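Here is a two-chain model that a newcomer may wish to walk through by question and answer. Please look at it first, and then read on.

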Amino acid sequence: MSRIFKDPRLLLLIAIAGAVVAGLSADKMNPYYSGVVIDIGIAIILAVSLNLINGHTGQFSLGHAGFMSVGAYVSAMITLALQKSIGPAALPWAFLPALVAGGVVAALAGLLVGVPSLRLKGDYLAIVTLGFGEIIRVIFQNVEAAGAASGLSGIPRLTGLTWTFTLVAVTVYVVGCLVNSTYGRGFIAVHDDEVAASSMGLNPTRYKVTAFVIGAFFAGIAGGLFAHHKTSITPQVFDFMKSFEVVVMVILGGMGRTAGVILAAILLTLAPEFLRAVAEYRMIIYALLIIFMMIARPQGLFNFERKKKPLAH
Amino acid sequence: MNEIFQQLVNGLALGAVYALIAIGYTMVYGVLRFINFAHGDVFMLGSFTGYYIAPQIAEWFPLPGWAGWTAVMISTMIICAIIGIVIELLAYRPLRNRPRLTVLITAIGVSLLIEYTCQHKAFFGASQKAFPKLLPAGNFTMGGLSFNTTQFVVLGVTLILLAALTFIVKKTRIGMAMRAVSHNSAAASLMGISNTFIISFTFGLGSALAGAGGILYGMTYTGIEPLMGVNVGLKAFVAAVLGGIGNLPGAALGGLVLGVVETYAGGMSGISTYRDGIAFAILIIILIFKPTGLLGSKQIEKV
């Protein structure tokens, strides 16, 4: 019995079945609640995909919102164009291809960002990814086809619970299996000690770029879901703060701890809904939390594994 | 032709502010090897210190006026130096000898804490404020170019501060200690130099320059708001990388180059809307092709 549950493919199927059931019962749900639940799903995809880059591979990226925006814009432009040409009836069939297209273009952006990361580490890489995110935003702000500063609106509302949680399951499955595979141990090796990893015959460059491409792909998917959930997007939505929110989720959950990161994504998405009264203090609380965590508990709030070695050097 | 030179003057005035902030990034990077993300916010606090302190100073010295302006500059620089030292003491000192990434994340946290606390209505509020007039307005022409007093003062003050800083770093004992810590902090402490004191001093010096930059920025652009440090700070960081991080003349040069390039780009019709992206494009190109910057020296990574 327990062995069956250890097979990740079966878990994936169960999760997708759960997502379909949830989607079917969605019309009975209060639309406010189902909206929040979709927000949570999108946050999980973002956090788990960033965790592959920041946590498992140890490359500090601050540009996740940039990849997300690429996926959001590309998929929204595809569905908007299709809505005009083939009408709204066939749109649900085009949703997945549009999402994947957004993800692929975001992955290409990830490749573009990944290449300079070959030469950069730590804080430099953080700044460059931040810079890329800002450049992507400035480009969208100026491209007329993407609506320039006013963004895109009237995007068909195609994101439902089924799609969201099927894709959450796929993201967690892909990232989890990748990291736990023989190949994927390389990500962790690069994270722990790049010099040692390359002396064992691993190619750190390839791992870093792979992490960026896969992470960006899922960020693009999350962006597509986001665009078809909110139905309108502007370049300002995908600014540095959005990237930072995802970074907070990864840090809070514990870098490289998938379960912790998922928990943090859920908590941080729900918190503003419950804390409406102190909404104006939200970012102040986030900032204090980050400083406190780094000083007192750098391994993550939800990481209960005992430290194997000191985090020094 | 005349317009090209006029743009050059405007660009240099903007670049001078970048240069003052970039020096703070570069100095802290020199002694602690990390990017102090909160530095741009110290610059913002400098502007707001000037905004709130000017009415107080006006009771003793007439404002706008040169004596009052000097008093505002000096008191702002002192207050910003204290702010910088306190930030280092509370947030970064507990993290000495931790991985650099940990310190970097903390720095981002400090930066956001300052920004969002200041945006709160109990502090400065999120809306833009008009920076008070500190100097009598005036225009004068020199060789067919028109300067206003502010541009002249911005460039002059930057040159004076850069000269003072160079003197401190090159000619004084404490400057020698700073260079020693930056070169090899372990060896420096074996020679009896207190790393802790030097790091505090460096933060103070860098923050004082950022505060001066805040006043000069306020005088030039007149509108100040709590998030102004984000973009200016990032661009100043780009300037520091452009000149070669850890290199003081490089930071000044990088700031001036970036200011001029941005101003010219802002004046060109085709690309003016991309102005904010230019700094980052420069950053990425520099990091890919010449990561040591214009004046930086090569460092070999050791295991």
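The turns below go from the chains as wholes to single helices and residues.

Me: What kind of model is this, and how are its parts numbered and lettered?
Reply: Residues are numbered from 1 along each chain as its sequence is written, while chains are lettered from A and ligands numbered from 1 in the order in which they are written. This is a predicted model, in which local features need pLDDT of at least 70 and side-chain atom pairs count only at pLDDT 80 or more, whereas totals for chains, interfaces and linings use all residues.

Me: Which helix of chain A has the highest mean pLDDT?
Reply: The pLDDT is the predictor's confidence in each residue, from 0 to 100, and its mean over chain A is 82, with 92% of the residues reaching 70 or more. Among the elements of chain A, the lowest mean, 55, belongs to helix H1 (residues 2-6) of chain A. The highest mean, 90, belongs to helix H10 (residues 204-230) of chain A.

Me: What is the radius of gyration of chain A?
Reply: Counting helices (DSSP runs of H or I, at least four residues) and strands (runs of E, at least two), numbered from the N terminus, chain A has 13 helices and zero strands. The globule rule, 2.2 Å times the number of residues to the power 0.38, is set against a radius of gyration taken over C-alpha atoms. For 313 residues the rule gives 20 Å, and the value for chain A is close to that, so the chain is as compact as a globular protein of that length, with a radius of gyration of 19 Å.

Me: How many helices and how many strands are there in chain B, and what share of its residues is buried?
Reply: Chain B has eleven helices and four strands, and its C-alpha atoms fill a box of roughly 55 × 45 × 40 Å along the principal axes. A residue is buried if 20 or more other C-beta atoms, placed from the backbone, lie within 10 Å of its own, exposed if 12 or fewer, and partly exposed in between. Of the 303 residues of chain B, the buried share is 50%.

Me: Which helix supplies the largest share of the side of chain B that touches chain A?
Reply: Two residues are in contact if their C-beta atoms, placed from the backbone, lie within 7 Å, and 33 residues of chain B are in contact with 31 residues of chain A. Helix H4 (100-119) and H11 of chain B each supply at least two residues of this side of chain B. The largest share, twelve residues, comes from H4(B).

Me: Which helix gives the most residues to the largest nonpolar core?
Reply: A nonpolar core is a set of buried Ala, Val, Leu, Ile, Met, Phe, Trp, Tyr and Cys residues joined through C-beta atoms within 7 Å. The largest one has 194 residues, and those with the most contacts inside it are Ala47(A), Met249(A) and Val238(B). The helix that gives the most to this core, with 16 residues, is H1(B).

Me: How far apart are the end C-alpha atoms of helix H10 of chain B?
Reply: The expected span of a helix is 1.5 Å times one less than its number of residues. For the 20 residues of helix H10 (residues 248-267) of chain B this comes to 28 Å, which agrees with the distance between the end C-alpha atoms, 29 Å.

Me: Is Gly15(B) buried or exposed?
Reply: Gly15(B) lies in helix H1 of chain B and, leaving out residues up to four places away in sequence, touches residues including Gly255(B), Leu256(B) and Gly259(B). Because it has 29 C-beta neighbours inside 10 Å, Gly15(B) counts as buried.

Me: How many residues of H9(B) are buried?
Reply: The 16 residues of H9(B) should span 22 Å, and the end C-alpha atoms are 23 Å apart, which agrees. After H9(B) comes Gly244(B), whose phi is positive, near 105 degrees. H9(B) is mostly covered, and of its 16 residues the number buried is 14.

Me: How far apart in space are Lys129(B) and Ile224(B)?
Reply: Lys129(B) is found in strand E1 (residues 129-130) of chain B, and it is partly exposed because 17 other C-beta atoms lie within 10 Å. Beyond four places in sequence, Lys129(B) touches Tyr51(B), Ile224(B) and Glu225(B). Although Lys129(B) and Ile224(B) are 95 residues apart in sequence, their C-alpha to C-alpha distance is 5.3 Å.
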